[in-house]
Every structure is written in C-alpha cells, then in structure tokens.
Amino acid sequence: MSDKPFLTDVQELRRRARQHIQDGAVTEGYRGDRDTVIRILNEALATEIVCVLRYKRHYFMAQGIHADPIAAEFLTHANEEQGHADQIAGRIVQLGGSPNFNPEGMLTRSHSEYVEGQTLIDMIKEDLVAERVAIDSYTEMVRYIGENDITTRRMLEGILAVEEEHANDLSSFLADLDKDWKTRDRSAG
Ligand SMILES: [Fe+2]
Ligand SMILES: [Fe+2]
C-alpha cells in the first residue's frame, strides 16, 4: 500500500491537468516522443492518401468479365483508407501537431507507392504490395510506440487489422483469378 492517501493522488492528477492546459489531450502522463509520433503519423497519413488515390484509379479503370466484384472491393478499400487518413489526421491534431495534406512531397512521405497497373491482375498485385508495405510499417509503428502512447497505439492496431483484411481480400482475388484461368486453359486445350 502506498503511504499517500488516495485523495492526494486525485488532487495531484487535477493539479497536473490544470498545468499546461494548452496541451489539450496531451498530459504530463504522456510518455511518447511527441515530435516523432507526429512525424510518423504524418507519414502514415501520406501513405493512406496515396492508397485512396491508387484504389480510386483502380476502381474506375477495372474492366473485364471479372471486374465488377473486384471494382466494388477497390471502392470499399478506398473508402476505408480514407477513414484511416481521417483518424490519423484527427490524432495528429489531438497531439498538438498539424496534419500534412500538402500534395507536394506526398509520395516521398508515403511508405507505399502509386502504381497505376495496366490489367486487373496488375492492379490487384500492386494493391497487395502496397497493403503488405502498410502492414509492415504499421507493425513497426505499433512496436515503436509500445506503452508510451496507448491511444495512438490502439488506433494503429485497429488500422493494422484492416490492412491485413485488405491484403487477404486481394490475395483471394488473385487465387480465384488464377484458378479460373487454369480451368479455362484446360477447357480450351
Ligand atoms: Fe489504410
Ligand atoms: Fe489497406
């Protein structure tokens, strides 16, 4: 048992909350390196925006007999990446930073690339590569943040789980297309 009465702890918490009130949600209990956390969140924001743009392009360009369900999935992913971008931008502001939406340098800040892809298969492959990059970089961010900023870590863990679902969706499409073509080759030959 601590020799400090519980009430004193509450008063101490209240006193600390009143100090540095301009820091908003960031209290003295925040253990993260705020500048670094904001910088990596801005890189994640750029990554998400590049992913929105790539999925949108793929949604509008998807053509062929298999295209409809795949295009619909591209659109769903685009919307989910937009949701991630919004969550991240909101957290950057909570941490006292400013979200970087400047198109200049967006691709340099982004971890994933913007590749247009010529065929449906190319598009799916490029998206899968980008998702795998996102999975790795979110995993690294979660590990880096550890116990130092629990809210940011939980947000990133939630996003990471969705990126894993995205990668899984795309690899099932690839497997289906592959199976379908093998069947058609056999019936043709
Ligand atoms: Fe995302
Ligand atoms: Fe994703």
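The following exercises concern the iron site, a helix and the nonpolar core of a predicted model.

**Exercise 1.** Determine which protein atoms are donors of the iron ion (ligand 2), and how these donors are spaced along the chain.

*Solution.* Begin with the donor atoms: Glu81 (OE), Glu131 (OE, listed twice), Glu163 (OE) and His166 (ND1) lie 2.0 to 2.3 Å from the iron ion (ligand 2). Next, read their order in the chain, which gives the spacing E-x49-E-x31-E-x2-H. Finally, consider the other metal: the iron ion (ligand 1) is 4.0 Å from the iron ion (ligand 2), and Glu81 coordinates both.

**Exercise 2.** Explain why Glu163 and His166 are separated by about one helical turn, and state whether they are buried or exposed.

*Solution.* Locate the pair first: Glu163 and His166 belong to helix α6 (residues 150–188), and because they are three residues apart there, about one helical turn separates them. Then assess accessibility: both Glu163 and His166 are buried.

**Exercise 3.** Compare the span of helix α5 (residues 120–145) with the expected value, and identify the residue that follows the helix.

*Solution.* Helix α5 contains 26 residues, for which 38 Å is expected at 1.5 Å a residue. From first to last C-alpha the helix reaches 37 Å, close to that expectation. After α5 comes Gly146, with a positive phi near 50°.

**Exercise 4.** Describe the largest nonpolar core and the elements that contribute to it.

*Solution.* This core has 44 residues, and Leu41, Phe74, Ile88, Ile124, Tyr138 and Leu156 have the most contacts inside it. Two or more residues each come from α2 (34–61), α3 (67–94), α5 and α6. The largest share, eleven residues, is that of α5. As for Leu41, the residues it touches include Ile88, Ile92, Met155 and Leu156.

How values were computed: Residues numbered from 1 in each chain as written. Chains lettered and ligands numbered in written order. Predicted model: local features only at pLDDT ≥ 70, side-chain atom pairs only at ≥ 80, totals over all residues. Heavy atoms only, no water. Donors = N, O, S within 2.8 Å, 3.2 Å for Na, K, Ca; no water. Helix = DSSP H or I, 4+ residues; strand = E, 2+ residues; numbered from the N terminus. Buried < 20%, exposed > 50% of the residue type's maximum accessible area, 1.4 Å probe, protein only. Expected span 1.5 Å × (residues − 1). Core = buried A, V, L, I, M, F, W, Y, C linked by side-chain atoms within 4.5 Å. Contact = heavy atoms within 4.5 Å. Lists of a residue's contacts leave out its neighbours within four places in sequence.
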